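Work through the exercises below with the sequence and the coordinates at hand. Each task is followed by a solution in steps.

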Amino acid sequence: MTTYGEAVTQAIEDELRTDSTVALLAPEIPVRFAEQFGSDRVRLTPASEAAVAGIALGMAVSGFRPVVSWSCATFAFVAFDQLVNQMAKIRYLSGGQFHAPLVVRLRYFGGARMAAQHTATTFAMYGQVPGLKVVAPATAEDAYGLMRAAIRDDDPVLFFEADSLRDQPRTTHSLSGAIGKALVLREGSEVSVIAMGAMVPAAVEVASRFEADTVEVVDLRSLAPLDLATIRASVKKTGRLVLVDESTPRCSFASELITSVVEDATIFPVLRTAPVRICSQDVVAPYSPPLEDHVRPSLDRIEAVLQAVLSSSSPSQEQGRDR
Amino acid sequence: MIADTWGSGQVSLGDAADLYRMMKTIRLFEETAADLHRKGLVPGPVHLSTGQEAVATGVSSVLRSDDRIVSTHRGHAHALAKGADAGRMLAELLGREDGYCKGKGGSMHLAAADVGLIGSNGIVAAGLPIAAGAALANRTRRTDQIVVGYFGDGAVSEGLFHETFTLSAEWGLPVVWICETNRRTHDEHDGAIIKLSESHGIPAEVVDGTDVIQVRAAADGAVQAARTGKPRLVEARTIRPTSHALWRGPSLPPSFSGDSVDPVARLSTQLEAVAGGTELRERADAAAASVIDDAVRFALSSPFPDPESALEDIYARVPGMYPGGQL
């Protein structure tokens, strides 16, 4: 395993080898998979996204752990009912008689000049649905570890794979591999930057432009379940909160995280300044490079926001923090 | 017809009496559901299978207990015929603790894992790929279990019908598709659904869905084919003498009139024409009534669930994880 993109494929292959109930339904499958695992367990699928999602669910309620793989996250819109209304709900609706241990692998694009219908970071659309789990790895290690954890999970997991990170090499981050834990990638005392998915490396890079121990970067890793304990602890320490989420801002995870932090009566008084969301601008993803680059969060925009946030603080809230 | 031996459209008197008892049980269950709905005891909508009893009964009579089914929003008959407990079903309709889904599903989401009912479904055609996936699981495991996927003629206008039919044919899935055509959604010309099925690569047969003996014979052939990886469709043409759903408006008793045939009365008449048949029919009537009486008593005596149980069953139990997906 050398890169983020290869790590995902490797994780699926290792799970296929480890557990004979793991299956793969995908429009493209490495030749070595069919040779190793047979064409029943690894099955090429046509462009029938809704049917394929439902077939995965039918396998999942029959003792298998299928992985559905789509080369673009927006293809899942075609299968929306099966994702949010069927697999998300079968455990609950059946009173626990059935459950759906399956993974939907969704590659999302940003900055790839794929234009509107192939470009969307849609964490929140699924993160809002009870019954679904949503993970968004930001490192090659997590791409591997979270995929294996997702396959072993007993609930449906939407695995958001950042196309823009596909060539990221291995790093040295230690990680738990567990779904539902955020990871502090870099310690700092002045501002908490909570980043998710494709935006994590950008946040880390910008943080390195500031003095040591200034910017704390938290990799969210898992959006549902959400590790509020780690986020709250970080914001309590720094008193400043910045979210970096490539999604458009309305009803985004960045919004959800601000709410979750601000409504905590033990954190609200220690905030030194208003939280800030850094998201893609509230438009459909454009095609032309200067247009797309203008609406996505850039390193310079993140840095400018951090500088502004670090230079602002409310005196009355400083007092509150001291108490 | 009823004969001493069964095969090619014939059943023995004993089998016919069993089929009648199940159809009568379904009829009484639906009358009871409607009655409880009128009394305000069923909090949500209910879609009755009245008039379609022969389809589920005939199909399930040729299934094994380890075969599984996927149902629709109109699924009481499918569940009962597959062996689901009428008391736990009725308790679910009433939203009670002892319901199959602990009061979380209701009529449209009945599931009964103990008898292989993977689920009913509130979304038209959404169950088709789930049935196909369960069949793919059987195929991958090399078992000879099959899956029955029920749908109504209304599902044919959904894309999922076409996607799933194509895939189940291409992949040789051990599935039997049963279309209950009640002609309420479309006014399709005769044979349209059969042609669609065949164009997707699935041989199909039309039967009179008010004749349980015909349904059983067609289902038997389809099930045998499916066990060897050849999916089949049986289109059972039925009538639905009730409104679409019991929900808010007044619920009228079913009316069999004009060219519509009451499948329960039809089999009753056939039974009475055979020596000893009347006595068997009376015995079956009593047995069905007894099942439903017990079911009503059971359901009405079941308590409502603890409100806090609304927060359970959303995810696997993981220590420290709250409902809402937060740690």
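## Exercise 1: a helix in chain B

Helix α6 (residues 159-170) of chain B consists of twelve residues and spans 17 Å from its first C-alpha to its last, close to the 16 Å expected at 1.5 Å a residue. The model is a predicted one.

Task: state which residues of α6(B) are buried, and what follows the helix.

Solution.
1. Buried residues in α6(B) are Leu160(B), Phe161(B), Glu163(B), Thr164(B), Phe165(B), Leu167(B) and Ser168(B).
2. After α6(B) comes Gly172(B), with a positive phi near 60°.

## Exercise 2: a second helix in chain B

Task: describe helix α8 (residues 212-227) of chain B by its span, its start, its buried residues, what covers them and what comes just after it.

Solution.
1. With 16 residues, α8(B) reaches 22 Å from its first C-alpha to its last, close to the 22 Å expected at 1.5 Å a residue.
2. At the start of the helix, a side-chain oxygen of Asp211(B) comes to within 3.0 Å of the backbone nitrogen of Ile213(B).
3. The buried residues in α8(B) include the valines Val212(B), Val215(B) and Val223(B). Also buried in this helix are Ile213(B), Arg216(B), Ala218(B), Ala219(B), Ala222(B), Ala225(B) and Ala226(B).
4. The cover over these buried residues includes the helices α1 (13-38), α2 (53-60) and α9 (263-272) and the strands β4, β5 and β6 (232-237), in chain B.
5. Gly229(B), just after α8(B), has a positive phi of about 80°.

## Exercise 3: the sheet of chain B

Task: give the strand order of the open sheet of six strands in chain B, then place a helix on it.

Solution.
1. The order is β2-β1-β3-β4-β6-β5 (chain B), with parallel pairing.
2. β2 (117-119) and β5 (204-208) of chain B are the edge strands, each pairing on one side only.
3. From one strand to the next, the twist averages 20°.
4. Six bridges link strand β3 (residues 147-152) of chain B to strand β4 (residues 175-181) of chain B in the parallel sense. Val148(B) stands opposite Val176(B) in β4(B).
5. Helix α5 (residues 127-141) of chain B lies across β1 (68-70), β2, β3 and β4 of chain B, at about 170° to β3(B).

## Exercise 4: the sheet of chain A

Task: repeat the analysis for the open sheet of seven strands in chain A.

Solution.
1. Here the order is β2-β1-β3-β4-β6-β5-β10 (chain A), and the pairing is mixed.
2. The edges are β2 (42-44) and β10 (222-224) of chain A, each of which pairs on one side only.
3. The twist averages 20° from one strand to the next.
4. Strand β5 (residues 133-135) of chain A runs antiparallel to β10(A), and two bridges join them. Val135(A) has Ser222(A) in β10(A) as its bridge partner.
5. Helix α2 (residues 31-41) of chain A packs on the sheet, touching β1 (22-26) and β2 of chain A, with its direction at about 75° to that of β2(A).
6. Helix α3 (residues 49-60) of chain A lies across β1 and β3 (65-70) of chain A and runs at about 165° to β3(A).

## Exercise 5: a loop residue and the confidence of chain A

Task: is Thr121(A) buried or exposed? Then report the pLDDT of chain A.

Solution.
1. Thr121(A) sits in the loop between β4 (103-108) and α6 (123-127) of chain A.
2. Its relative accessible area is 13%, so Thr121(A) counts as buried, the cut-off being under 20%.
3. Leaving aside neighbours within four places in sequence, Thr121(A) contacts Tyr108(A), Glu246(A) and Ser247(A).
4. Chain A has a mean pLDDT of 93, with 94% of its residues at 70 or more.
5. Over residues 315-323 of chain A, pLDDT stays under 50; the model has 13 contacts beyond four places in sequence for this stretch.

Note on methods: Residues numbered from 1 in each chain as written. Chains lettered and ligands numbered in written order. Heavy atoms only, no water. Pairing = 2+ DSSP bridges. Helix = DSSP H or I, 4+ residues; strand = E, 2+ residues; numbered from the N terminus. Axes fitted to C-alpha atoms, helices over the stretch in contact; angles between N-to-C directions. Contact = heavy atoms within 4.5 Å. Expected span 1.5 Å × (residues − 1). Buried < 20%, exposed > 50% of the residue type's maximum accessible area, 1.4 Å probe, protein only. Polar contact = N/O pair within 3.5 Å; in protein donor to acceptor, adjacent residues only side chain to side chain. pLDDT = per-residue confidence, 0-100.
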